[in-house]
Amino acid sequence: MGLKIYASSSVELLAKKLADSVKEEQQIFVPEYIVAAGAGVNNWLKIFLAEENGIAANLVFKKQDDLMRMVYKVLYKDDRKELMDQEYVKWKIYQVLGSQEFSVTNPNTFKYYGEDSLKRYGLSDKLALLFQNYQYHIPNEMEEDGDWQNDVWRQSMNAENEFIGLHEINELITTALLDEEKKKKLGDVLPHIHVYLGMDFTLFHLMVYQLISEVVNIRFYLFDGLLDGASASNPLVNNWNKASEIALEWIRELGEIEYLVPASLVLDSLLHKFQNDLFLNQIDSSAYTQNDIVDGSIVINSCYTEVREVEVLCNFLIKTISESNGEIGARDILVVTSDVDKYAPAIHGVFGSKKVKLPYSISDAVHTSSESVYATLLSLLNVNERFKAEEIVQLLELPLIRDQFKIEDVSFIRHMLKTANIRCGDTGSADNETNFVSWKHGLNRLVYGFCMGDESYFEKHGARYLLVDQAEGSNYADLMRLNSFFNKIEVLILSRQGTKTLSGWYDYFIVLVELFIHDPNGEHLGYFCEQLGSLNIYSEVVQDEVTFSVFKGYIEELIGSETNRSNYASKGITFCGMHQNRNVPYKVVCMLGVNLNGFLAENAEIHFNLLKDREYYLTSKEKDKFLFFQTILSCKDRLYISYIGKSTKDNSEIPPASVLDELIDYLEVNTGVELVQEHPLHGHSSDYLDPQIPELYSYLLSEPAPVQAVGLGGTQPIDVTEIDLDDLIKVFQDPAKEYLNKVLGIYYGEESEVIGDTELFEQDNLQNWLVKNEFIYQDADLEAWRLKLSEVGMIQLASLGELSLESEIESISEVKSTFTQAKLLGELEMKTGQLIFGDVLLKGRVDHVYGSTGIYNVVSSENRHAKYLAAFYIKWLFLKATGQNLKFIFNGLKRNIELEVNDGPTTEQALKQLNALVELYKTGVNEPLGYTIQLPLNELIVLGKSGSGEYEEAYLRSKILKHVNNEKAFPSKYYEMLVTENYLENENYVTATLTNTRALWKEIVKWLKL
């Protein structure tokens, strides 16, 4: 038995040595224990050992601390106590910090968190991590008198009864090894331990290895990035290699190191020459040439965003694989980043698209996608106590919840919530009318409305509901399930009030899972709930009850630690975190996000860390530098690095992380060229198609398909045989909208999909118009009508709604008065008629006719009257053409037009004009009609009055062209689509628009005397 140390700058040599040791020493029925740096190294080792030895079986991979626990378990068997893990220590500390004794003896520390349980939990979490490190390095010092941390240590780490701290392992193992029987047992169970590549051991671990090496064969396989004997001073090595120097200094105290010297690097590329400089720890040890600069072995790209980084990377990988003549495949590529979660959506979006045929897998990503059970849990825990409608309906868009409640149509539910004016709150208050926007009131409106099949008022238990009856068929079931879902959400939120013991919160969590997560076989949450079960143990430690915020913080930490490591190297290109690969050799190694902020951990060390001034203490930043160093040396053929180097706000330069900045400077000094390539903001930039810029290329671009003009083959011609008068009017109010709606079935939703989470505080233009328009025809009690408007969400609640309604009523008082007088002229009638134009039937009706007077009410402001004047005129033509001679009144704000019975065109003139409009309509259903009403009313009037002088023609043409092809803002989304998608030939369209618009407005201006 004994301890041997091997070191090399070649990972393959170390792995080969490990393979030889396993082959020579492994006993068939005894596991071979390997301590490796991470899951990525574990998987790579299995593959390598299988290739070298023909088989890789009975290998057990352990972490350092897990192995220490195993040694203790073997030696003490049934007499052992449980080892405190970091979570247990955290809750012990939480209990200590909350004690009366601690608040008295350490008032300044207690003042930091006081009664804030979340701050107290956060401090406990930081101390637990520090105490883990103290156990490795200074456990004896912590037993002495010192600052407040020593008090917390003694009260939390000196556990009684069933638990001991990790720092006590050394003494216990030393004692146990005096027993020959225990020594033999340890040697039988652990004949060999292989510590491969890991440099994160501490003096504590090395002491344990040294103790057990008497009965266990210990083998260290250490990566030393410097060739044996290297002594010169390369600034990059000196800055990046501190972690390795400290680890090697410690391990030399255990014995002699045997160096496995690899073959010299073939200096055939810029990458290999650069690596040679690092291996030899020398400056410019390699002769850089002009060919090295353009050989593509080192690529550094500057991009604007994470998405652009991934797109540029994808192009690089496609090019690299295609030019490798089959020597590089997807499995030969490793992509690492310091934040996998940030890049995961972009990776899925780019590499998961149909254009890209590269297989890939993502490791280390926290399960936060919409399909993830963890994302579902977090969403449930984060539901606001105000019962925000949008937040709650978004829960139903999560697959596991939707499946649990068997919800089929979430869009229908969203529509119903808007219709019922459900915004926030569970019940609200009738005093301030917030019950109108609450869940209970709104759900009762929906459920009672369906049951009674009515939309009138309904009273129950003293409450009055304006019913909503819009559910039918399968939608009814979704409505009932929504009601059940909300009742459970209400229980979930209300039961989190106050405090509970940790075991009480565990029970709460189990109920949450059973109620909301569709997991019939426990396949998603079995392991997670098992881990969470330790709360029952911690509950014995923390007698105090804790708040929901503390429990939620604990769950979020637990979920954050659940990363998707099983995907490492599962297929194709591997995307993973920096810690996973740890020198695993790949032909192509890529690094994303080597940014100024976020790539290297900030050196914001906790000010009360007792280790921060020790020589051997490594900051997080120094550890990350060493990881960067290891990653560069693990690359065999191609090294690719990208970072965000430009601001999307002001295009300013953003420097990369300091390690990359140093690398760029080093290469520039030695080659005379800065290797950074800047990429455009957008992937569809024309620069990628410019042969003068070969450094910019893209395989993600595709030539746009030619677009046919709408109506010239894009759709089947429509044969018009029947027209409704209202449809005819709509074509002349918004021809682009009618065409895209009716012919192509394209609708732009004007209503926001997101449900508001507050009551209505300000009405928009549409709501104002609807309220004013309804008031014109309203005869009911004003207060009852106001309550109805408040209940349906048309005006503000209570006094605000009263003031708003008074203002709106006042603004249209004249229109209301005129309409009221017209109603006294006779009984309400509706005039209908039919006309034949060739083979087309035009039929329609005119509402609001009282006796021999028809009235057309308009509540829009005066400058918006154009489309209503057009509609008024066409309706008047229809009355004239059908022989129904009436007095016809345009009743609008600040505009009142009274047309007497004998005014206007004759029946023949009306028929001729309608026939022209019908012909234009027939054109407009097969291609967008050249006509507009979007111009200001005064310009339409000018257009109708103008002659045909060159000056007037040019002026009007410029006005219409501006309307049709406005560079700043289109008159509507429908016009925008027609123009930007090249469906229209602008000049031809402008000519048609000028002609048709003038023709109609000449008649309108003439007969309405505008």
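This is a short tour of selections to make in the viewer, stop by stop. Keep in mind that the model is predicted.

**Stop 1: a buried glutamine and its surroundings**

Start by selecting Gln149, which is found in helix α9 (residues 148-157). Is Gln149 buried or exposed? Its relative accessible area is 0%, so Gln149 counts as buried. Now show side chains and look for Tyr134: a polar contact of 2.9 Å joins its side chain to that of Gln149. Next, bring up the other residues around Gln149. Leaving aside neighbours within four places in sequence, Gln149 is in contact with Leu127, Leu130, Phe131, Tyr134, Met142, Phe608 and Leu610.

**Stop 2: Asn609**

From there, select Asn609, in the loop between β17 (586-592) and α30 (620-634). Although Asn609 sits in a loop, it is buried, at 5% relative accessibility. Which side chain does the side chain of Asn609 meet in a polar contact? The partner is the side chain of Tyr617, at 3.1 Å. With neighbours within four places in sequence set aside, the contacts of Asn609 are Leu130, Tyr134 and Tyr617. You have already met Leu130 and Tyr134, since both are among the contacts of Gln149.

**Stop 3: two cysteines**

Select Cys303 and then Cys314. Cys303 is buried, with a relative accessible area of 0%, and Cys314 is buried too, at 0% relative accessibility. If you are looking for disulfides, the structure holds zero of them.

**Stop 4: residues with positive phi**

Most residues other than glycine have a negative phi. The next selections go the other way.

- Asn325 has a phi near 55°. Find it in the loop between α17 (306-322) and β10 (333-337), where Asn325 is exposed, with a relative accessible area of 72%.
- Phe387 also has a positive phi, near 55°. Look in the loop between α19 (373-381) and α20 (389-395); at 3% relative accessibility, Phe387 is buried.
- Asn421 comes just after α22 and takes a positive phi of about 60°. While you are here, colour helix α22 (residues 410-419) by burial: its buried residues are Val410, Phe412, Ile413, Arg414, Met416 and Leu417.

**Stop 5: a hairpin**

Move on to strands β12 (residues 457-460) and β13 (residues 463-466), which run antiparallel and are joined by four bridges. To see one pairing, select Glu459 and look across to β13, where its bridge partner is Arg464. How many residues lie between the strands of this hairpin? There are two, and His461 takes a positive phi near 55° in the hairpin.

**Stop 6: helix α39**

Finish with helix α39, residues 907-924. Put a distance between its end C-alpha atoms and you should read 25 Å. At 1.5 Å a residue, the 18 residues should span 26 Å, which agrees. Now select the buried residues of α39: Ala910, Gln913, Leu914, Leu917, Val918, Tyr921 and Gly924. Turn the view to look down the helix axis. The buried residues fall within an arc of 145°, so they line one face of α39. Then rotate to the face turned away from the buried side, which carries the exposed residues Glu908 and Lys912.

Terms used
Residues numbered from 1 in each chain as written. Predicted model: local features only at pLDDT ≥ 70, side-chain atom pairs only at ≥ 80, totals over all residues. Heavy atoms only, no water. Expected span 1.5 Å × (residues − 1). Buried < 20%, exposed > 50% of the residue type's maximum accessible area, 1.4 Å probe, protein only. Arc of directions from axis to C-beta. Pairing = 2+ DSSP bridges. Polar contact = N/O pair within 3.5 Å; in protein donor to acceptor, adjacent residues only side chain to side chain. Contact = heavy atoms within 4.5 Å. Disulfide = S-S within 2.5 Å.
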